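Visitor: I am new to this structure and would be grateful for a guided explanation of the terms used to describe it.

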Amino acid sequence: MPEITMLEAIRQALFEEMDRDPAVVAIGEDIGVYGGAFKATEGLLARFGHERVIETPISETAIVGAACGMSYLGLRPVAEMQFIDFIACCFNQVTNFVAKSHYRCGAPVPMVLRGPSGGGVHGGPFHSANPEMYFVHTPGLKVVYPSTAYDAKGLLKSAIRDNNPVLFFEHKFLYRRIKEEVPAGDYTVPIGKAVVRRQGSDLTIVSYAAMAHVALEAAATLAKDGIEADVIDLRTLLPLDSETILASVKNTNRLLIVHEDTRTGGIAGEIAAIVCESAFEHLDAPIARVTALDTPVPYSPPLEERFLPNAEKVVAAARELAKY
Amino acid sequence: MTPALTHDQKLDLYYFMQLNRQLEDRLVRLFRQNKIVGGVYSSLGQEAVSVGTSYALEPRDWLAPMIRNIGALLVKGFKPRDIFTQHMAKFTSPTHGKDGTSHFGDLKVRHVVSPISMLGDLIPVMTGVAMAGRYLGQNIVAMTWIGDGGTSTGAFHEGLNLAAQQRAPFVLIVENNQWAYSTPVARQVPIKNLADRAAAYGIASKIVDGNNVVAVYETTKTAVDECRAGRGPILIEVKTMRMKGHAQHDPAEYVPKAMFDYWKAQDPIARYESYLTEHNLWDPKKKSEIDARIEHELDADQKFAEESPLPPAETAEQGVYCEGCHTIEAEWRRPKQDVMPPASSEVAVWKVADFGAFVKTQEVATQHGNRPGHAPRHEPVLSAEKKESISGDEVAGPTGKNQPATGDVAAQVPLRVPFGRGPKDRSVELERRDKVAERPPRHNKPPHKRRRR
């Protein structure tokens, strides 16, 4: 069983789902002949043709609107944002039309909106964003943000088969940097379930996407000092798996949340509120968070490095917590 | 050639228009009795648009109404009780109180997509509906409406361009009721006919008198048939007039009285009644039969709505997600193998033709006076050429209130210059001369018949 990248895992999921179900179609900019800006859809057009691999003008609102309309007839469109930053261009379609459709008029929208997100690649303010929290704040959507090739493939399949609109964030720093063996057969990973990546009893580190790897790196360093961290990878942000978080915090009594999203309004605040509501008496220390700065993502390497969380920052915060 | 309407169909058109009007009349009364939870957006004077356009669709076709297209919902088979309960926020409404007004739909049977308040968004959505219908081999047409105001949104442009690029079986009705809330159409767009917008997308367009229900029907029916035959999207500008304010709270004092008077004489239902009488299609007895039937239906449905309960509060928490409540299955009308490999496979390369044609294009542009350095025009200059015109052009002048009721607007009103280029400016004179002397040749073929590059 060969090792594959996260990008290849995503590509495989698209191929396999389109092979499985003719109701699955792909729609987006440059996804056909060119194969997508990151080549996630490479080869799709040759195999499935123009009817199923729909290349659009540069019109994010039209892409999401058309995908929504197609889903009303029972298709399962997978729409691509060339960079997830451009989701801002179709914010209205996503949050007002798609997200509210089932609640306000009983019309389900079984579509996936996927795209490359995240920083660390010197993409600057418009090609590095983590806009997930705009959508975590939008009832009616599901928000998925995997950190491994295995999860990316299994979660994308689940997203395509889900009857609700799923936003599928693909961290572009991870696209080609991580490799792992992925089973050959059909499998899915359930939406809404976090996973414990590493077990420990001294503190809980909750994270997702690229920062899940940073958290694991930090946990390895902390282990050398005898601090054993429980590392949780959320995988899905909406709905949030609070059970897994609470179970861990009740065991470790300390909580550190790490995310690449900016600080104010990031999911750390929501998790902290949930833990305070449901496990306050289990806490031995204040809840800590390591996040990106409250700024746009800067372009120049030293600035971006300052902006992003890293293992050292996580280790430092964890040591503070361990003092309690 | 559109097949003529049968006698029964002609009476049907009257029934739906009158039902539309009487229903809204009752909504206004209920509003004044404080029994309507939100607003009432009257389509008084626009009934022929909703009814005439939607009547051209077949049951398999899809539509998405706008706020003033209650008539289209009635034609598609919704009942007055649906409209009453929606406005009164009752549990028995199609949305069970989750949304109001005409914001409801039915994907399975009636093929109606529920609108949202953000204008223009339905255009890409209905384009997607049209694309999916074609993909599944259903041979459907998708239709939606947009007001004169909504044509200025980004979604309008993105959606219509995608529809054109995909040659989707999509009919867009531009319902020009001359007012976007309080702003007259001439203050929103610098063109006389909104149908002119279609040329920019390379699609066909038509203009029709929106207060003549037979003309609206026939024009739309032809467009729907052409669309179904695979000739790409069509835009129909329907010229009409909003006879009330934006909603019940708005007395519309900004509308010149002469304009209301003019359009009151164009009332679509009164005109159609005369038409039916002149053509001996009914007699007073038939009319009172239909009117009585409408009255009876509305009585029963209003009673039903008034007696219906409001939704239980706890249902507020339900239905955000589909948790198995819907079975989602596409209705295939073509073999699935057609879209699966190997049938679907193709060589993934672009074919690009005529890439040297740009030089020619530049010459054409220069010839017609699009010289660099010309400031854009800020005010509509109505062409002296009398375009295919329907009643009402004279009234809807660029200056609104003080506009004389008749006559050529361009001749009487001096250009207003918000940004410094006066009517005596040489560039204005040059531009006008260029326009008259070197008008580009009109295409005598609709875009879908022209040779494609």
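**Sheets, helices and contacts**

Guide: In chain A, five strands in the order S9-S11-S10-S13-S14 make up an open sheet with mixed pairing. This is a predicted model, in which local features need pLDDT of at least 70 and side-chain atom pairs count only at pLDDT 80 or more, while totals for chains, interfaces and linings use all residues. Residues are numbered from 1 along each chain as its sequence is written, and chains are lettered from A and ligands numbered from 1 in the order in which they are written.

Visitor: What makes strand S9 and strand S14 of chain A edge strands?

Guide: Two strands pair if DSSP finds at least two bridges between them. Strand S9 (195-198) and strand S14 (288-292) of chain A each pair on one side only, and are the edge strands. The strands themselves, like the helices, are DSSP runs numbered from the N terminus (E, at least two residues, for strands; H or I, at least four, for helices).

Visitor: How do you know that strand S13 of chain A pairs with S14(A)?

Guide: Five bridges join strand S13 (residues 255-262) of chain A to S14(A), and the definition asks for at least two. The two strands run parallel. Val258(A) stands opposite Val290(A) in S14(A). Direction ignored, neighbouring strands of this sheet are turned by 25° against each other on average.

Visitor: Which helices lie across these strands?

Guide: Helix H9 (residues 242-252) of chain A lies across S9, strand S10 (203-207), strand S11 (229-233) and S13, at about 175° to S11(A). Helix H10 (residues 267-279) of chain A lies across S10, S13 and S14, at about 155° to S13(A). Such angles run from 0 to 180 degrees between N-to-C directions, and axes are lines fitted to C-alpha atoms, for helices over the stretch in contact.

Visitor: In the sheet of seven strands, why do strand S3 and strand S12 of chain A stand at the edges?

Guide: That open sheet has the order S3-S2-S4-S5-S7-S6-S12 in chain A, and its pairing is mixed. Strand S3 (53-55) and strand S12 (236-238) each have a single partner strand, so one side of each is left without a neighbour in the sheet. The twist from one strand to the next averages 20°. Within the sheet, S6(A) and S7(A) run parallel and are joined by three bridges; Val144(A) has Phe168(A) in S7(A) as its bridge partner. H3(A) packs on the sheet, touching strand S2 (24-28), strand S4 (76-80) and strand S5 (112-117) of chain A, and its direction makes about 170° with that of S4(A). H7(A) also packs on the sheet, touching S2, S4, S5, S6 and S7 of chain A, at about 160° to S7(A).

Visitor: Why are H8(A) and H12(A) called oblique to each other?

Guide: Angles under 35 degrees count as roughly parallel, over 145 as roughly antiparallel, 65 to 115 as roughly perpendicular and the rest as oblique. The axes of helix H8 (residues 210-224) and helix H12 (residues 311-322) of chain A cross at roughly 55° and come within 8 Å. H8(A) and H12(A) are therefore oblique. Their crossing is right-handed, a term for the near helix being turned clockwise from the far one by less than a right angle, anticlockwise being left-handed.

Visitor: Which residues of H8(A) and H12(A) meet?

Guide: Val214(A), Ala215(A), Glu217(A), Ala218(A), Thr221(A) and Leu222(A) in H8(A) meet Ala311(A), Val314(A), Val315(A) and Ala318(A) in H12(A). Residues are in contact if their C-beta atoms, placed from the backbone, lie within 7 Å. By class, this contact has eight nonpolar, one polar and one charged residues; Ala, Val, Leu, Ile, Met, Phe, Trp, Tyr, Cys and Pro count as nonpolar, Asp, Glu, Lys and Arg as charged, and the others, Gly among them, as polar.

Visitor: What makes H1(B) oblique to H11(B)?

Guide: Helix H1 (residues 7-32) and helix H11 (residues 284-307) of chain B pack at about 40°, with their axes 10 Å apart. That angle makes H1(B) oblique to H11(B). The crossing of H1(B) and H11(B) is right-handed.

Visitor: Into which domains is chain A divided?

Guide: Chain A has domain 1 (3-181) and domain 2 (195-322), with bounds from an automatic or database domain assignment. Their C-alpha centres lie 26 Å apart. The contact takes 25 residues from domain 1 and 22 residues from domain 2 of chain A.

How values were computed
Contact = placed C-beta atoms within 7 Å.
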